[in-house]
Every structure is written in C-alpha cells, then in structure tokens.
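Welcome, and please take a moment to look over the model and its sequence. We will walk through a few places one at a time.

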Amino acid sequence: MTRNRVERGLSHIWLPYTQMHTMRAPVVAESTDGCVIRTADGRSLIDGIASWWTACHGYNHPHIRQAVEEQLHRMPHVMFGGLVHRPALELATRLSALLPGDLERVFFTDSGSVAVEVALKMAIQYWLNRGVKGRTRLLSFRGGYHGDTIATMAICDPEEGMHAMFAGALPDQIIADLPTTPGKRAALDDLLARQGHEIAAIVVEPLVQGAGGMVFHAPEVLRALRDVADRSGSLLILDEIFTGFGRTGTMFACEQAGIVPDIVTLSKALTGGTMALAATVARRHVFEAFLSDDPLHALMHGPTFMANPLACAAANASLDLFECEPRLEQVEAIRQQLETELAPCLDLEGVKDVRVLGAIGVVQLERIDDLNALKDAFLSEGVWVRPFRDIVYLTPAFTIRPDQLSRLTGAICKVLARKTV
C-alpha cells in the first residue's frame with residue numbers, strides 16, 4: 001500500500017481507544033503468518049497479544065482457512081430468522097457438549113459486547129416472564145470490564161476512566177467488591193440481604209478481570225458467587241469472552257471452580273481470531289422461562305449477521321483444532337516459560353508485581369508515564385506488545401514457538417530495565 005493511499009485513508013478513519021487529534025501514525029499491517037505480523041514498511045513483528053487475545057491458533061491456520069473458503073463457495077451468509085444452516089447447528093451442538101452442566105441453548109451474535117447485552121436482556125426478561133417484578137438490576141464488580149455499549153458500560157468499573165464520563169447517562173446498576181477476602185464476602189452477603197430482591201443477575205469475569213488490568217482471583221471466588229447467587233435467587237452470568245477456549249489453562253475458566261453458570265458469554269477466540277462471532281449460552285431453566293403461548297415472552301433480539309455461516313465454519317474448524325492438536329498442553333508449556341522468563345522483572349525498579357495464569361503473563365508497574373514511548377520501545381525490539389494502564393502483558397497464540405516467546409519476554413525485560421517508563 002503506497003504512502004499516499006495510507007495518508008488518504010487515515011484522513012477518513014476513526015480508530016478505537018485513540019485521541020485522533022494527537023495520535024501517532026499507526027503501524028500498517030500487510031500480512032500475517034503464524035505468530036508474526038508483517039508491516040508495510042518491511043518489519044516482521046512477533047505478536048505478543050494474539051490480536052486482543054483472539055488468534056489462539058496463530059494467524060492463517062490452514063484448517064480454518066480451508067473451512068472458510070469451502071463455506072464461502074457454498075453460502076457466505078443467510079439470515080438466521082426463519083432459516084437455519086448446518087454450520088450454526090453443528091457449532092451450537094458442539095458448544096453445548098463442551099460447556100459444563102446443562103448450558104445447552106446458544107444464541108449467536110457478532111461481538112462480545114452484544115453477547116453480554118443479550119445475557120443481561122435474558123436475565124431481566126427471565127424474571128419478567130415468570131411474573132416477578134422488581135428484579136431488574138444487575139450486580140457486577142469493581143475492576144470489571146464487559147464491553148463498550150451503553151448497557152455493558154453500566155456494569156463496568158464506574159471509576160474506570162474509559163467510561164466514567166458517561167456516568168449520568170448510564171442505567172444505575174450495583175457495583176461491589178469481588179469477595180476475595182472474608183471481609184468482602186461479608187459485605188457482599190450484607191448487600192444481597194438488603195438488595196437481593198432487586199437483582200436479576202450477578203455478572204463476573206471468571207478468574208481474570210481482563211481489560212480492568214489483568215487482575216486474577218482464585219476459583220474459590222467463583223464458588224462463593226455461585227453460592228450467593230443461589231441463596232439470593234439471582235442468576236449467575238459468567239463473561240468468558242476473554243477466558244474461554246483455553247486461555248486460563250482449562251477450556252473454560254469456570255471448570256477450575258467446578259461451577260455451572262446460568263448464562264455464559266463467549267467470543268474472541270471462538271473462531272480462532274478469524275471472523276467476528278459471539279455466543280450467549282443459557283441453561284435449560286433459563287430457556288424454559290421464554291417458552292409460552294404469549295409471543296411477547298420470546299427473546300426479541302436478532303443481529304442481522306447473527307450465526308454468519310462463514311464465522312460458524314471458522315468456529316467449527318477452531319474446535320477441530322482443540323480436539324486434534326495439543327492446545328491445553330501448549331498453554332501449560334507457555335505458563336511455565338512465562339513464569340521462568342518474566343520472573344527477573346521483579347528485580348527491576350518500578351515493577352510492582354509479576355503474575356502468570358495459563359497463557360497470560362503480566363508485569364505490573366508502579367506507573368507508566370509515557371505509554372506511547374513504551375509502545376515504540378517494544379516496536380524497536382521487533383515485537384507487538386500493547387501495554388495499558390499500569391501493565392505490560394502477554395497473551396500469545398497457543399502455537400507460539402518457545403524461541404518466539406523468549407523474544408517477547410526478553411524484550412519486556414530489556415525495555416523495562418531501561419527505566420524509561
């Protein structure tokens with residue numbers, strides 16, 4: 001792509017999470033291969049974050065590419081209203097078999113935020129359909145992130161700078177501390193004793209609060225939330241958009257707690273980072289609350305491109321790879337390598353914490369004064385690493401080679417040792 005075409009394009013594009021007035025020229029990606037992004041200026045960058053945690057099998061996996069190509073020849077898209085198709089039916093069946101318990105009804109959307117919106121809508125209408133009035137509020141947790149749409153912003157951390165300016169325009173939801181200590185568990189119990197009758201559902205990211213700073217919590221926290229949800233009568237929604245499909249070391253994070261949520265949301269790695277697709281999956285009793293002779297009891301939601309056949313074909317191919325290639329073993333190997341190779345960062349000035357869970361490695365700093373300079377420093381080392389807030393993190397593809405992962409961890413240690421952040 002010529003420089004003139006790039007410059008013309010940049011004068012018309014609006015980039016995410018970017019102050020366009022002061023932005024630096026973005027990197028222009030030309031092609032991808034495995035764990036490498038090739039740029040228009042001839043660089044090859046090792047990708048440390050798998051394109052926002054989606055490309056779990058690396059880029060351009062031939063099995064996924066072949067499945068999408070074959071589906072493209074048959075049928076690229078058809079509306080999912082009054083029509084169904086094999087790729088979606090197969091995918092729904094496979095997801096239901098993989099998920100724990102009776103999570104068996106799959107509603108497809110095309111982004112994680114919308115999947116969460118649908119989950120919230122399901123939870124509120126679940127009570128309305130049962131004739132229960134007043135259970136219209138949602139309980140979520142400080143440090144949480146669930147999307148950028150209006151409803152999902154309302155259940156994100158209210159102090160989180162990205163959404164704080166919308167406070168007066170958002171629905172008033174209930175935000176609490178995760179019950180990570182006995183004191184916080186007692187506070188949550190007290191809150192539910194007072195307001196449990198208002199709460200349609202409790203919403204949480206299991207094991208890892210991702211965009212909130214890669215903050216980890218133990219499986220016991222999820223068991224506590226399952227317990228308080230059962231005692232208060234609320235539904236429990238697990239947002240597994242980041243954690244699903246092996247990222248934390250098990251296929252789904254909830255498996256490590258041995259619990260079954262009432263609703264779970266999935267996206268990101270669902271298609272192996274190939275196509276936009278998301279899913280909201282409900283347990284049997286949730287679905288049954290929508291069965292009625294009254295048409296108003298139906299779930300009135302339907303994204304135009306829901307269950308897109310190309311995306312469903314990619315997702316089925318991705319699940320094939322989890323079945324025939326050793327993805328979870330690869331995640332364990334990545335965990336061990338991250339623990340070993342990021343540990344030296346603890347000795348660096350300005351480093352507050354180093355933590356690893358599955359294929360997630362985090363170096364938390366006291367602060368980052370110049371985020372753009374830090375990003376540029378990683379580019380100069382030939383790696384694609386995107387720090388945010390006060391953390392530098394890695395969420396690589398599960399197929400990354402050990403030498404490529406060492407390039408990433410080595411770059412982090414080297415850049416942070418310069419004390420330029």
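Ser113 sits in helix H5, and in this predicted model its relative accessibility is 17%. Since buried means under 20% relative accessible area, Ser113 counts as buried. Which residues does Ser113 contact once its neighbours within four places in sequence are left aside? They are His146, Gly147, Asp148, Thr149 and Thr152.

Just beside it in our tour is Gly112, which also belongs to helix H5, the helix covering residues 112–129. Gly112 is buried, with a relative accessible area of 15%. Its contacts, not counting residues up to four places away in sequence, are Ile241, Ser267 and Ala278.

Both of these residues appear in a UniProt record. Under "binding site", an unreviewed entry there lists Gly112, Ser113, Asp239, Pro303 and Thr304. Do look at where they fall: these residues span 193 residues in sequence, and the farthest two C-alpha atoms are 22.7 Å apart, so they do not all gather at one spot.

The UniProt record has something to say about a lysine as well. Its unreviewed entry puts the feature "modified residue: N6-(pyridoxal phosphate)lysine" at Lys268. You can find Lys268 in the loop between strand S11 (263–266) and strand S12 (278–283). Is Lys268 buried or partly exposed? With a relative accessible area of 24%, Lys268 is partly exposed. Leaving aside its neighbours within four places in sequence, Lys268 is in contact with Trp52, Trp53, Thr54, Ile241, Phe242, Gly273 and Leu277. Ile241 is a name you have met before, as one of the residues that Gly112 touches.

Next come two places where the backbone deserves a look. Most residues other than glycine have a negative phi. Ser51 is not a glycine, yet its phi is positive, at about 50 degrees. This serine is in helix H2, which covers residues 50–53, and Ser51 counts as partly exposed at 35% relative accessibility. Ala307 also has a positive phi in a residue other than glycine, with a value near 60 degrees. You will find Ala307 in the loop between helix H9 (284–288) and helix H10 (309–324). Ala307 is buried, with a relative accessible area of 0%.

Now let us turn to how some helices pack. Two packed helices are described by the angle between their axes and the distance between the axes. Take helix H7 (residues 182–195) and helix H8 (residues 219–232): their axes come within 11 Å and cross at roughly 20 degrees. That crossing angle makes H7 roughly parallel to H8, as angles under 35 degrees count as roughly parallel. The crossing of H7 and H8 is right-handed. On the H7 side, the contact involves Arg185, Leu188, Asp189 and Leu192, which meet Ala224, Leu225, Asp227, Val228, Arg231 and Ser232 in H8. Sorted by kind, the residues of this contact of H7 with H8 are five nonpolar, one polar and four charged.

A second pair is formed by helix H11 (residues 327–342) and helix H13 (residues 402–417), whose axes come within 10 Å and cross at roughly 30 degrees. That makes H11 roughly parallel to H13, and the crossing of H11 and H13 is right-handed. Which residues make the contact? From H11 come Ile334, Gln337, Leu338, Glu341 and Leu342, and from H13 come Pro402, Leu405, Ser406, Thr409, Ile412 and Cys413. The residues of the contact of H11 with H13 divide into seven nonpolar, three polar and one charged.

Our last stop is Pro87, which is placed in helix H4 (residues 86–98). Pro87 counts as buried at 4% relative accessibility. Not counting residues up to four places away in sequence, Pro87 touches Gln71, Pro309, Cys312, Ala313 and Asn316. To get a feel for distances here, follow the chain from Pro87 to Arg231, a residue of the contact of H7 with H8. Pro87 and Arg231 are 144 residues apart along the chain, and their C-alpha atoms are separated by 39 Å.

Methods: Residues numbered from 1 in each chain as written. Predicted model: local features only at pLDDT ≥ 70, side-chain atom pairs only at ≥ 80, totals over all residues. Heavy atoms only, no water. Axes fitted to C-alpha atoms, helices over the stretch in contact; angles between N-to-C directions. Helix = DSSP H or I, 4+ residues; strand = E, 2+ residues; numbered from the N terminus. Parallel < 35°, antiparallel > 145°, perpendicular 65-115°, else oblique. Left-handed = near helix turned anticlockwise from the far one by under 90°. Contact = heavy atoms within 4.5 Å. Nonpolar A, V, L, I, M, F, W, Y, C, P; charged D, E, K, R; others polar. UniProt positions renumbered as here; feature names shortened; annotations may be inferred. Buried < 20%, exposed > 50% of the residue type's maximum accessible area, 1.4 Å probe, protein only.
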